[in-house]
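Please open the structure in your viewer and keep the selection panel at hand. The stops below are meant to be followed in order, with a selection to make at each one.

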Amino acid sequence: MQTHYLTGGSPDQESIGSETKRSSVSSSSRSHNRKEFLSRFVDSQTLTARLEDWFELISEKSGQKKSAFDVPFELIELQKFDYALEGVSFQQLVRMPNAVYASTSDAVEATAYLAIEDFLHAGAKGLWEAFWSQDDPMPFSVSCLYNENLKFYQAEKAIGNGKLGGLCATGVLLNNPRHPHGKWDHILELALLRPGIGSAAVGSDQQLTLSVLGEALFYAIRILLSRSLSRLNFSESPNCAYVLLVDSQYGGVVKVEGDVDKLEFDVNNVYNCSVDWIKKHCKVSVSPIDRIWNKLGNANWGDIGALQVLFATFHCIVQYSGMPKHSIEDLAADHGPRLQTRRVARQLGDSRVNGHGLFRFQRRSVSPEIVEVPDESIKIKSEELIMKLDVGSVLWLEDSECQKGYLINDVLNNNELQYYIASPVKDPGESLFLYVGSHPSQLEPAWEDMNLWYQVQRQTKILTIMRQKGLSSKYLPQLSASGRIVHPGQCSKPSSGGNCDHPWCGTPILVTSPVGETVVDMVNAGRFGVDEAIRCCHDCISALSTASSTDIRHGDIRPENIIHVASGGRHPYFVLVGWGHAILEDRDRPAMNLHFSSTYALQEGKLCSASDAESLVYVLYFACGGALPDLDSVEGALQWRENSWSRRMIQKKLGELSTLLKAFADYVDSLCGTPYPIDYDIWLRRLRRNIQDDDHGKEVDTSG
């Protein structure tokens, strides 16, 4: 590892000098301490040495786990991002020399820095043009950091001026003509070229060494400290920094997030204070180390190694430039049509046999394309590959305790996905919703399977968490059962886990209660009036109140995700279902729906405190006869919201049925986009007084 003792002082001397003077003496003192702290935080080795106890402790706690740290990106996020990048062209012109550190040649190392600079530039440029703008020039540049004076130089110029030995990192920075050598608060991300990264690659038994991780933490803290002194307006939280680790073939991502305001700025003890902050207030995530460059030195843009580096770059651009014009969801949604077009062009047959994502290949004519041929070792007939769940079918589920059978009574469709009403074999009188997920190892899943994952696997996780936290409300769905399908024939899955060769093996199943009719169906049948609107508003608010008590937010409220339950009780009620897109932590993202997502969700890609309530208002507006326009873009959806609220169209429509619903819409409008929480209790009381039944006392008040 190269030792970096930064002798150039604070990286933000110019920006510090131009800082606006604080009116408060205490504020000025804090700023001075922070600048002094940063100017003394200069030695990566000292920080690394003092992290040894911390590193040993978390390594021991991780036990047999491959990594002691969580990953910064979930596989499902990378898969969706991969779909979005299908039509994006990246081109790295300078090849990475193979086995950079097998030779001490300056020429080899110089080419490596040129290749990294080229790789980062190609990635940032491709992302900018795909997601933000093809017309506006990319507002970023890529340069190498020289440790003697903390300035950035183009790799070619640095090498030409004899600075190769002092290069310590490569960064993506905001363009700033006034500061051609860069400023640290303008750094989007840094990449460290370090030997030995490949030894911790996927498939090996080794983990990243503390020397490498400690250096990444050192640079991340410097970036976060510099941002805290910056006058820039960050579109996303600046309390998160990404550091890339690369060698001649492999690479990974280290994500460091934490509020540096919680760091104790003792200028006489900078390293111990930093270590203490890492232990108490910082979350470190490390991605798997995977191949980025092939042996010819070309980037494997479509593989997971380069993909997670690009995803880190995407998040860095969001921090500085805001949410993109074209969301990941928008671009990924084109995956299915693109896939179908390719299959038709290659004459591979219909990709949607029997309405499921399972398909079979056919070779209809001589073609230069490589096509799938039947594998004689698979004895299952092609017709058996298709899961046919018709009315009267019996499906068996296996959980951790036993096997359970379910009789399919009805096949439903919510305009996106198919699901079922089923009865337990042991209790034919009970009705339940049954959802069948996508096989976890399907080779080329369609965009539909992403939605299936949210509907089944992620919703199972959310409902399990609700149960573990003791959330109980009749307005929330209940987890009845979850597990894996029991397929016909002998199962030959290995004892160590995994699935056998049968295409159904391992397919996840989710069973929930109660069963009801969606608001969409009620509206279409003309059965949604003022009483139902008030009851729906009350019951959904109650569900949101219960969930928010444990910091769970829905994130996908729409008419298809609210059901009307009429059987088994004296009074019908509504249940808020479809919790697959629920928000548990900051990195979670809500579903994007042009008609029903909140304004903040469309603008920022996340929820504010009033977002779920705003979505509920749109649902009530629709259910009460409000006209929804044809929308085909986020910009159009935002414009419709702006016009509707400014002209009070939503309030007027709801006011035609109920002044209370109109008042609720006004209340939500006043909170949209603000950090102020919804006062659920007061609206539950007001709505309850207007519900037309005489059995209020028997309702369970779950608003607390």
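The tour goes through a predicted model, and it moves from cores to a strand, then to a helix and to salt bridges.

**The nonpolar cores**

Begin by selecting Met 466, Ile 541, Ile 562 and Trp 579, which are the residues with the most contacts inside the largest nonpolar core, a set of 68 residues. Keep Ile 562 highlighted and display what surrounds it: leaving aside residues up to four places away in sequence, Ile 562 touches a list of residues that includes Glu 517, Thr 518, Val 519, Cys 536, Cys 540 and Ile 557. The same list for Ile 562 also takes in Phe 574, Val 575, Leu 576, Val 577, Leu 616 and Val 619. Apart from this core lies another one, of 64 residues, which you can find by selecting Ala 122, Leu 167, Phe 234 and Ile 317, all of them among its members.

**Strand β12 and its partners**

Next select residues 432-436, which form strand β12, and colour them by burial; 5 of the 5 residues are buried. Which residues point one way from β12, and which the other way? Leu 432, Leu 434 and Val 436 point one way, whereas Phe 433 and Tyr 435 point the other way, and the residues on both sides are buried.

Now add strand β11, residues 418-424, which pairs with β12 in the antiparallel sense over 3 bridges; within this pairing, Ala 422 has Leu 432 as its bridge partner in β12. Then add strand β14, residues 508-513, which also runs antiparallel to β12 and is joined to it by 4 bridges. To find a point of reference in that pairing, select Tyr 435 and look for Leu 510 in β14, which stands opposite.

**Helix α4**

Move to residues 52-62, helix α4, and select Trp 54, Phe 55, Ile 58 and Ser 62, which are buried. Why do these four sit on the same side of α4? They cover an arc of only 95° around the axis, and that puts them on the same side of the helix. As background, an α-helix has 3.6 residues a turn, so residues three or four places apart point the same way. Turn the view to the other side of α4, where Asp 53 and Glu 60 are exposed. To see what the buried residues of α4 pack against, display α8 (210-228), α9 (270-281) and β7 (282-286).

**Salt bridges**

A search of the whole structure finds 14 salt bridges, and a few of them make up the last stops. Select Arg 194 and Glu 215, which form a salt bridge with the closest N and O atoms 2.9 Å apart. This pair links distant parts of the chain, since Arg 194 is in the loop between β4 (187-193) and α8 while Glu 215 is in helix α8, 21 residues apart. Arg 194 counts as buried because its relative accessibility is 2%, and Glu 215 is also buried, with a relative accessible area of 1%.

Go on to Glu 517 and Arg 527, whose side chains meet in a salt bridge at 2.0 Å, N to O. Glu 517 lies in strand β15 (residues 517-518) and Arg 527 in the loop between α14 (519-524) and α15 (530-548), so the pair ties together parts that are 10 residues apart in sequence. Here Glu 517 is partly exposed at 24% relative accessible area, and Arg 527 is partly exposed at 42%.

Finish with Arg 558 and Glu 560, whose side chains meet in a salt bridge at 3.5 Å, N to O; both residues are buried. Add Asp 556 to the selection, and you have a network of salt bridges that links Asp 556, Arg 558 and Glu 560.

Note on methods. Residues numbered from 1 in each chain as written. Predicted model: local features only at pLDDT ≥ 70, side-chain atom pairs only at ≥ 80, totals over all residues. Heavy atoms only, no water. Core = buried A, V, L, I, M, F, W, Y, C linked by side-chain atoms within 4.5 Å. Buried < 20%, exposed > 50% of the residue type's maximum accessible area, 1.4 Å probe, protein only. Contact = heavy atoms within 4.5 Å. Helix = DSSP H or I, 4+ residues; strand = E, 2+ residues; numbered from the N terminus. Pairing = 2+ DSSP bridges. Arc of directions from axis to C-beta. Salt bridge = Lys/Arg side-chain N within 4 Å of Asp/Glu carboxyl O.
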